[in-house]
Amino acid sequence: LRRRLFDLYRGWGYDLVMPPMIEYLESLLTGTGNDLDLQTFKLTDQLTGRMMGVRADITPQIARIDTHLLKNRQVSRLCYVDSVLHTRPEHTMTNRSPIQIGCELFGEKSQSADLEIISLMLETLRIANISQVHIDLAHVGIYRGLVSSAGLSAGEESALFAALSRKSIPELDALADKSPKGAETIRVIREIANLSGGVEALAHIRSSVAALASDANQQVMQAIDELQSFSEQIQQRFSEVEIGFDFCELRGYNYHTGVMFAAYTPSFGYALAKGGRYDDIGKDFGESRPATGFSADLKQLVRASSAFQVASKGGVLAPAGNDKALLDKIAELRQTKRVVQQLNSEQPELSFACDQRLVLVDGHWTVQDI
């Protein structure tokens, strides 16, 4: 599956990069926020005494490669696959050592870049033979616009997003009661948190936000317009894909700057791929570059796919020996088949999950069914 996906990405113009597994902590966590810090294993470099980290996400490393190594002012397309390590699993269906695969596109801020990334994400799921794909869309601009108009303190804002991530309506009600200045906005956010579904959900948000006397209305309406345009273009390209909106989806809120998306299938209870726009992440690397991308766990793709289940394909069992004719035949068969040669002619014969054997018949080595 990895080989097929790399062929796909290469066909779209994406170049493979391989950043290091361990880096100095200040480089590894630059611009990523506290969430990634908590997911990162730390260790001390024995040469310098400096703190290092085992990466929990490859995306920030790719952004730094684009800024520092490529120094490309034009559009750059990069892909990657490698292991990452998490201090805690993100979900009960995930593990702490996913194989992260993904694509990142830098240098283009228009919606066409986001559409290319999400199209590539959907092609990834197609190659993995994932059916009945559903995409949830969200936009951080909706909440950033609303929160900026509410005049909340840093603590209140943190509590607000914690409640939203848990979809806890009682907590949102309690926050509205404790914050008279931002009560009206928090109640609108509470109403939005209850919304999900298709384009009709966007119409409900429009009417709710329009009722607010706020300078942030323009920012929120622009985000809603982007979501609607984005969903229409996805539907045009991938008519078989179901599109919905989840306005409580705030993962990566600290570094995402625009549209966010996640792909699901009914047979798997966790996002198979996710991504979004993160224009500001390069700012800490010396230059803020427009950026968008997606990532997935290669292990999850295999688990959710019916086409890549691990199964024995059989093979040929060859006897022990150094006879040249035997070794030549084994070499010939290994061009197209799995051949296991026994190491000891005196030990009991083992099949090694082989369904054929190599036997000497009339002076010729011949493959026969076991």
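In what sense, parallel or antiparallel, do strand β5 (residues 76-83) and β6 pair, and over how many bridges? In this predicted model, the two strands pair in the antiparallel sense, and eight bridges connect them. One position in this pairing can be followed by eye, since Ser76 is found opposite Phe106 of β6. Strand β6, which covers residues 99-106, also has a partner in strand β12 (residues 291-297), to which it is joined by seven bridges, again with the strands running antiparallel. Here Glu104 has Gly293 of β12 as its bridge partner. Strand β6 is mostly covered, with seven of its eight residues buried.

For the protein as a whole, the secondary structure amounts to 13 helices and 16 strands. Of its 370 residues, 49% are buried. Among the contacts with a separation of 6 or more, 65% are made by residues that are 24 or more positions apart. The accessible area of the protein is about 18,600 Å², of which carbon and sulfur atoms supply 50%.

The largest nonpolar core holds 72 residues, and the members that touch the most others are Tyr9, Ile135, Leu137 and Phe247. Helix α5 (residues 111-127) makes the greatest contribution to this core, giving nine residues. The surroundings of Phe247 can be listed in detail: when its neighbours within four places in sequence are set aside, Phe247 is in contact with Ile142, Tyr143, Ile192, Leu195, Ala201, Leu202, Ile205 and Leu227. Apart from the largest core lies another, made of eleven residues, including Val17, Ile58, Val84 and Tyr278.

Ile192, one of the contacts of Phe247, belongs to helix α9 (residues 183-193), where it is buried together with Ala183, Thr185, Ile186, Val188, Ile189 and Ala193. The buried residues of α9 pack against four helices, namely α6 (140-150), α7 (154-165), α8 (169-178) and α10 (199-210).

Nonpolar side chains also occur on the surface, where Met21, Ile22 and Leu43 form a patch whose accessible area together is about 210 Å². Of these residues, Leu43 has its place in strand β3, which spans residues 41-44. Why is Leu43 described as partly exposed, rather than buried or exposed? The relative accessible area of Leu43 is 33%, and because the partly exposed class lies between the buried limit of under 20% and the exposed limit of over 50%, Leu43 falls within it.

Terms used. Residues numbered from 1 in each chain as written. Predicted model: local features only at pLDDT ≥ 70, side-chain atom pairs only at ≥ 80, totals over all residues. Heavy atoms only, no water. Core = buried A, V, L, I, M, F, W, Y, C linked by side-chain atoms within 4.5 Å. Buried < 20%, exposed > 50% of the residue type's maximum accessible area, 1.4 Å probe, protein only. Contact = heavy atoms within 4.5 Å. Patch = residues over 30% accessible without salt bridge, like charges linked within 9 Å, V, L, I, M, F, W, Y side chains within 5 Å. Areas by Shrake-Rupley, 256 points an atom, 1.4 Å probe, with all protein chains shown as cover. Salt bridge = Lys/Arg side-chain N within 4 Å of Asp/Glu carboxyl O. Pairing = 2+ DSSP bridges.
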